[in-house]
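Thanks for making the time this morning. I would like to walk through one structure with you, and I will begin with a term that we need before we look at any residue.

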Amino acid sequence: MDVDKITQAKRTQQYAMNMRPVLNKEALFSDETASYLDPYEPEYGERVTIKFRTYMDNVDYVFFICGSSKIPMKKAYSTGCFDYYTYTTEPLTGPIHYFFEVLTGQQRCFYNRLGVSKNLQEYSSFGIVPGFKTPKWAKGAIMYQIYTDRFCNGDTSNDVEDREYIYIGQGVRKVTDWNRPPEAMDVRDFYGGDIKGIWDKLDYLQDLGVEVLYLNPIFVSPSNHKYDSQDYDYIDPHYGVIVEDGGECLKEGDDDNSHATKYIQRVVNKKNLEASNAFFAEFVEEVHRRGMKIILDGVFNHCGSFNKWLDRERLYEHTEGYEKGAYISKDSPYRSFFKFNYEHGWPYNEFYDGWWNHETLPKLNYEQSPKLVEYIMGVAKKWLEPPYNVDGWRLDVAADLGFSQEYNHEFWRQFRKVVKETNPDALILAEHYGNANSWLQGDQWDTLMNYDAFMEPVTWFLTGMEKHSDEFREDLYGNADVFKDAMVYHMANFYAPSLQTAMNELSNHDHSRFLTRTNQKVGRIGTLGSDAASEGVNKGIFREGVVIQMTWVGAPTIYYGDEAGQCGFTDPDNRRTYPWGEEDQSLLSFYKEAITIRKEHPVLTYGSTVFLKLDYQFLSYGRFSEQEQMVVVVNNGKEPIEVNIPVWRAGVPKEATLERLMLTLENGFSLQEKHYQVKEGNLYLKVPRLCSMIFQRV
């Protein structure tokens, strides 16, 4: 019997009963991308046309709801199996928040950032902030994070020497074996990586497809991580160049850094500092010449006890050209930069506030020091201006800055003003765990390191592991419903300009490497040893993670060495050196191809996102616009499966052809083209175990 005639008969019966067809909720869609907002990053005074999608001839009314206004939308056009309703706003005078109401007969639902709801959920409304835009170059960009000491040693003459100075009670060490894994107490061990090493590998990074470099801190600092700044005004000569060397390392038994004349000569001597800054400026110029961008790490919540403003180590006390540090003298011009708790402790007042009570990390006292605020704003501006011209800031523990949240927001508003006036195209990217919505209102940060809406859900789904490898959760492992709910919920805390620039990482310097998480071993190097980090890893699962990373909304960010198969438990084991000469060539080749697919398909940067079919250990989603549709499939299970995927929800025509661009398996990947037919809006697939696929409509 003719299926169309049966369908028509049912509809006729429904009309006879004064009923409309059942509301097709799976067809309802809107978001804040360019497909549904025009313009999607409007200025003040502009009107915005907002679009909403329904199934064709399936609804009676769509209402645009904004505040107390409830306005019927007009059906603008139809294409494929969808109708599109539009509403054009009045000229924008400020932020607006909106959602939709859909009516079909007696059926009613609402639609907001979380999707379809029976209940009014204004707190998850869509939003438009006029004047809030993020740099185009950062949207969907391929970023590459470099922990400089561990990437490449390009200049051995600037290497830290054994006992060059004392750090946290012991002498620093020069590690001569590049391939030796970090030890449990690693902070004072140096492998010799530097900016010259990065420069030497720019061909490699460009060939990989990298568009943006994000460098962990590179300013003068006594640790290898450099999150304890000693001098914000200069690049550390151990990473730059040393033009005037000399002095002595500390002898055994001498723990007084004021005697560390070699260290003082290297990092206090202005000739070395200025030469390192000049070298860095040349490096940035070369990065830009290649069409790449560079982001620096700004650690502005706290500095280090070695900092010239405090000078607890008395490195600057007797050096010409430097003011007395606040630890040295109560008359120091920097006294207000810190919060001292004992007013009679000078000289050498050790009673100051440390971040999390760490005396090596003195917290900066912005509220009581306008001079400090001015200085840090000058630092933010300095590195964005000629001759350095960096392209943005990553902000360490950004929500911790200041002693109150009210002041924190005030500071970042001022910071944004300074940054955007200096370079409107600079990126402000913050480290933050949890909901950052109050900082992402267009007046403070541009975006985040995306833990909640990327790293954590992807890790739980694919590996069942917590991001430090500290816990395994069977209930989250392969749980596609939890994955979807977490992604949708946390993505709802971003406006589109923030979401499209969010730093989507699988690994970084604070968490275990993703490849290690695939072995599902709970522990750290202190309990399991470093060898265990590479035992039982599953590269098939790893490839699935990279496919999700390269096809999801945001900026895919590679932690140096992941692409070469590097393993490691959490800090410090995650800070192993790049394995030059011992790279996993198959993984490298896979990364290049996955990056190429990302860059060749703008819909992966600018398109909408919709989940399609989900099951235990299985997920599929679409990235789409009216012009381009792509489908991603991941089977994280240990058995092959057969599925019907409703690709019509991603705008794929009811009858269409999909071309497979990439197939990943447990033991490799394939770029062999294969075509699949979409029937009645569904894609039927036989999916191998531990597999991912990327399709495009042709």
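When I call a residue buried, I mean that its relative accessible area is under 20%, while exposed means over 50% and partly exposed covers what lies in between. Please also keep in mind throughout that what you see is a predicted model.

Let me apply that term straight away to N112, which lies in strand β8, residues 107-112. Is N112 buried or exposed? Its relative accessible area is 4%, and because the cut-off for buried is under 20%, N112 counts as buried. The side chain of N112 also makes a contact, reaching the backbone nitrogen of L114 at 2.9 Å.

For contrast, consider K539, which is found in helix α13, residues 539-551. Here the relative accessible area is 31%, so K539 falls in the partly exposed class, between the 20% and 50% limits. K539 and G668 are 129 residues apart in sequence, yet their C-alpha atoms are 8.1 Å apart in space.

Now to the sheet. Four strands form an open sheet in the order β1-β2-β6-β5, and the pairing is antiparallel. At its edges are β1, residues 37-38, and β5, residues 74-79, each of which pairs on one side only. Strand β2, residues 49-55, and strand β6, residues 82-88, are joined in the antiparallel sense over seven bridges, and if you want one position to look at, the bridge partner of K51 is T86 in β6.

Two helices next, starting with α5, which runs over residues 270-289. Its 20 residues reach 28 Å from the first C-alpha to the last, close to the 28 Å expected at 1.5 Å a residue. At the N-terminal end, N269 acts as the cap, with a side-chain oxygen 2.8 Å from the backbone nitrogen of K271. The buried residues of α5 include L273, F279, F280, F283 and V287, but also N272, N277 and E286. After the helix comes G291, whose phi is positive, near 80°.

Helix α14, residues 585-600, can be checked in the same manner: at 1.5 Å a residue its 16 residues should span 22 Å, and its end C-alpha atoms are 23 Å apart, which agrees. Its N-terminal cap is D584, where a side-chain oxygen lies 3.1 Å from the backbone nitrogen of S586. Among the buried residues of α14 are L587, L588, F590, Y591 and R598.

Finally, the internal space. How many cavities of 30 Å³ or more does the structure hold? There are three, and I will describe two of them. The largest has a volume of about 90 Å³ and is lined by 14 residues, with G434, A436, L448, D452 and F494 lying nearest its centre. By class, that lining has six nonpolar, seven polar and one charged residues.

The second largest cavity has a volume of about 70 Å³, and its lining has nine nonpolar, one polar and one charged residues. Among the residues that line this second largest cavity are E32, L37, Y40, F132 and Y495, while β10, residues 126-128, and α10, residues 496-499, each supply at least two of its lining residues. I will stop there and take questions.

Notes
Residues numbered from 1 in each chain as written. Heavy atoms only, no water. Pairing = 2+ DSSP bridges. 1 Å grid on protein atoms, 1.4 Å probe; cavity = no way out; pocket = protein on both sides within 12 Å on 5 of 7 lines; lining within 4 Å. Points joined across faces, edges and corners; volume = space filled by probe spheres on them. Nonpolar A, V, L, I, M, F, W, Y, C, P; charged D, E, K, R; others polar. Expected span 1.5 Å × (residues − 1). Buried < 20%, exposed > 50% of the residue type's maximum accessible area, 1.4 Å probe, protein only. Polar contact = N/O pair within 3.5 Å; in protein donor to acceptor, adjacent residues only side chain to side chain.
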